[in-house]
Protein chains: 2
Amino acid sequence: MLGDRRPPLAPMVRKLMLWKKLSTDEQEAVLLLPYRLARLEPGDYIIKEGALAEQSCLLLSGFAYRQKLTQDGARSISAIHMKGDIVDLQNALLGCADHSVQALTTADVAFIPRDVIVELAFRFPRVGLAMWYDTLVDASIFREWILNIARRDAQARIAHLICEFGVRLETLGLGDRSSYEFPMTQEQLADATGLTSVHVNRSLKELELRGLITRTVRYLVVGDWAKLQRAGEFDDAYLHLRRSETFMLN
Amino acid sequence: MLGDRRPPLAPMVRKLMLWKKLSTDEQEAVLLLPYRLARLEPGDYIIKEGALAEQSCLLLSGFAYRQKLTQDGARSISAIHMKGDIVDLQNALLGCADHSVQALTTADVAFIPRDVIVELAFRFPRVGLAMWYDTLVDASIFREWILNIARRDAQARIAHLICEFGVRLETLGLGDRSSYEFPMTQEQLADATGLTSVHVNRSLKELELRGLITRTVRYLVVGDWAKLQRAGEFDDAYLHLRRSETFMLN
DNA sequence: CGCCGGTTTGAGTCCATTCAAGAGGAGTGG
DNA sequence: CCACTCCTCTTGAATGGACTCAAACCGGCG
């Protein structure tokens, strides 16, 4: 890593290094990407469904989520993103956004032109592979969410999401998996699990009653990680965090 | 295209050309990839969850599906694949399979070593981009399925899946969107929509009663495409088939 | 002919929803 | 400092869409 004060894009390097070891040259190339900083407030759009996506967006702080709507306005949240996530690579590469991405909390972001990213990906194949991996891991999470929503009951769905959130926070060095600030409202939690906010409320209470979690305002403590994990059938394999070196090419 | 008798990997070229125009050189490079052919029977595994994925798999004929299981054996199908789909790029690049892929019907496949694919992707960036796009479109479909399962009722979910299937068949030149052979059992349809097979049966009957579809054994006729589309809230934007050239880089 | 996987149908149940109303907290403005 | 609003959370009661359990049906095939 470059020794000096953290350059703005450092979280991106950190994220990519989860997927692939990068040389100093490669890291530097990422850090030198041109960008435009912006501060977003909750609900602000990073990209709106149907719009042209000409830039990618890196989350530097705060949280964001992906959402789609049905005709009659019912909402589905398909992903939560945190610091270091390259939030809009998917829309940017595809061109036309098939879903919206919005700030969940106050958030700092860096917009990076799409073609610069693509150019970098092919000038430094290992960086490109890391970015490709990153989008593939996102896809893996989508698959797990499909299973979660399709085949688990309310409590398990919520427990699963809480576990995933904790593990991802911890991986990024943003906190402890068993005690963290939880930024979602119950309504958002409902839209991420395919439930109604009313039922999420009741289910959370049940989980609390069973001693699996404790809640205070927007803050969550996992009382018994093992039990919560079992309740949510959570197995972090799908996050692909423990990549044995055998798999890493080059 | 190479003028002679269809080379085995031609479906892959056709699929990639959906996402990006490729030069003769690039096409030829794809066709010259080393491969191993195999014929699979329904239920045969292309890759099993938890296994090491060292090769990618191209579907040459027939259908395949991705699935995950819960602890107690409930199944979730997260994708259906057809001729030309590069079915296992996701697992192969990630190394450890986070889900299984199985043949839905009798199917011919070509296994291609992972490193050869990666090498090709970076030797011919436009081919690489096309492959990257392909995995991103898969991800887009996952997002739509999340919405489908989370926020639509049984009839709409099924109608949506039927529409998607038809459009994709038609795009690949495998049939007509409003009349095709439908390879899934009602149980598989249930696992793809987060329902039970009993309820799928009843919902199909309802759709038939409303005049939207007609069924005979494993064959499906869409009586009124516009109505079915409305019933399933189907908008094919998420399939990214109409890529305006503006978005295509290089 | 009889098995077997898939489809169909019925009856009863339940998990999650809907509708509705109240409580708590944060922010705003008089 | 209190009144007022807005948003989120909480709780109750009634409803309903989808599930479970169970049995019968059907067509293909050995």
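Two strands count as paired if DSSP finds at least two bridges between them. The legends below describe close-up views of a predicted model.

**View 1. Strand β9(B) pairs with strand β10(B) in the antiparallel sense.** Strand β10 of chain B covers residues 219–222. Its pairing with β9(B) runs over 4 bridges. Look for T214(B), then find its bridge partner, V221(B). V221(B) sits in β10(B). In general, strands of a sheet pair through backbone hydrogen bonds, either parallel or antiparallel.

**View 2. Three strands of chain B form an open sheet.** Read across the sheet, the order is β8-β10-β9. The pairing is antiparallel. Which strands are the edges? They are β8 (179–181) and β9 (213–216) of chain B. Each of these edge strands pairs on one side only. Neighbouring strands of this sheet are turned against each other by 15° on average, with direction ignored.

**View 3. Residue Q90(A) is buried in chain A.** Q90(A) has its place in helix α3, which spans residues 89–94 of chain A. Why does Q90(A) count as buried? Its relative accessibility is 1%, and buried means under 20%. Now look at the contacts of Q90(A), leaving out residues up to four places away in sequence. From chain A, Q90(A) touches R66(A), D138(A) and F142(A). From chain B, Q90(A) touches L136(B), A139(B) and R143(B).

**View 4. DNA strand C has 16 protein residues around it.** Those that come nearest are A154(A), T196(A), Q186(B), N201(B) and K205(B). On the DNA side, sugar and phosphate account for 68% of the strand C atoms that come within 4 Å of the protein. By class, the surface near DNA strand C has 4 nonpolar, 6 polar and 6 charged residues.

**View 5. Side chains of chain B reach phosphate oxygens of DNA strand C.** A polar side-chain atom of Q186(B) lies 2.6 Å from one such oxygen. For K205(B), an N or O atom of the side chain is 2.8 Å from a phosphate oxygen. For R215(B), the corresponding distance is 3.1 Å. Which elements give two or more residues to the surface near DNA strand C? They are α8 (197–209) of chain A and α8 (197–209) of chain B. Helix α8(B) gives the most, with 4 residues.

**View 6. DNA strand D also has 16 protein residues around it.** Q186(A), N201(A), R202(A), K205(A) and T196(B) come nearest. Sugar and phosphate make up 71% of the strand D atoms that come within 4 Å of the protein. The surface near DNA strand D divides into 4 nonpolar, 6 polar and 6 charged residues.

**View 7. DNA strand D is approached at a base and at its phosphates.** Start with R202(A). A polar atom of the R202(A) side chain lies 3.0 Å from a base nitrogen of DNA strand D. Next come the phosphates. A side-chain N or O atom of R215(A) is 3.2 Å from a phosphate oxygen of DNA strand D. T196(B) has a side-chain N or O atom 2.9 Å from a phosphate oxygen of this strand. Helix α8 of chain A and helix α8 of chain B each supply at least two residues of the surface near DNA strand D. The largest share, 4 residues, comes from α8(A).

Terms used. Residues are numbered from 1 along each chain as its sequence is written. Chains are lettered from A and ligands numbered from 1 in the order in which they are written. This is a predicted model: local features need pLDDT of at least 70, side-chain atom pairs count only at pLDDT 80 or more; totals for chains, interfaces and linings use all residues. Side-chain values use heavy atoms; hydrogens and water are left out. A residue is near a molecule or strand if one of its heavy atoms lies within 4 Å of it. A polar contact is a pair of N or O atoms within 3.5 Å; within protein, one must be able to donate a hydrogen and the other to accept it, and residues adjacent in sequence count only if both atoms are side-chain atoms. Ala, Val, Leu, Ile, Met, Phe, Trp, Tyr, Cys and Pro count as nonpolar, Asp, Glu, Lys and Arg as charged, and the others, Gly among them, as polar. Buried means under 20% relative accessible area, exposed over 50%, partly exposed in between (1.4 Å probe, protein chains only). Contact means heavy atoms within 4.5 Å. Axes are lines fitted to C-alpha atoms, for helices over the stretch in contact, and angles run from 0 to 180 degrees between N-to-C directions.
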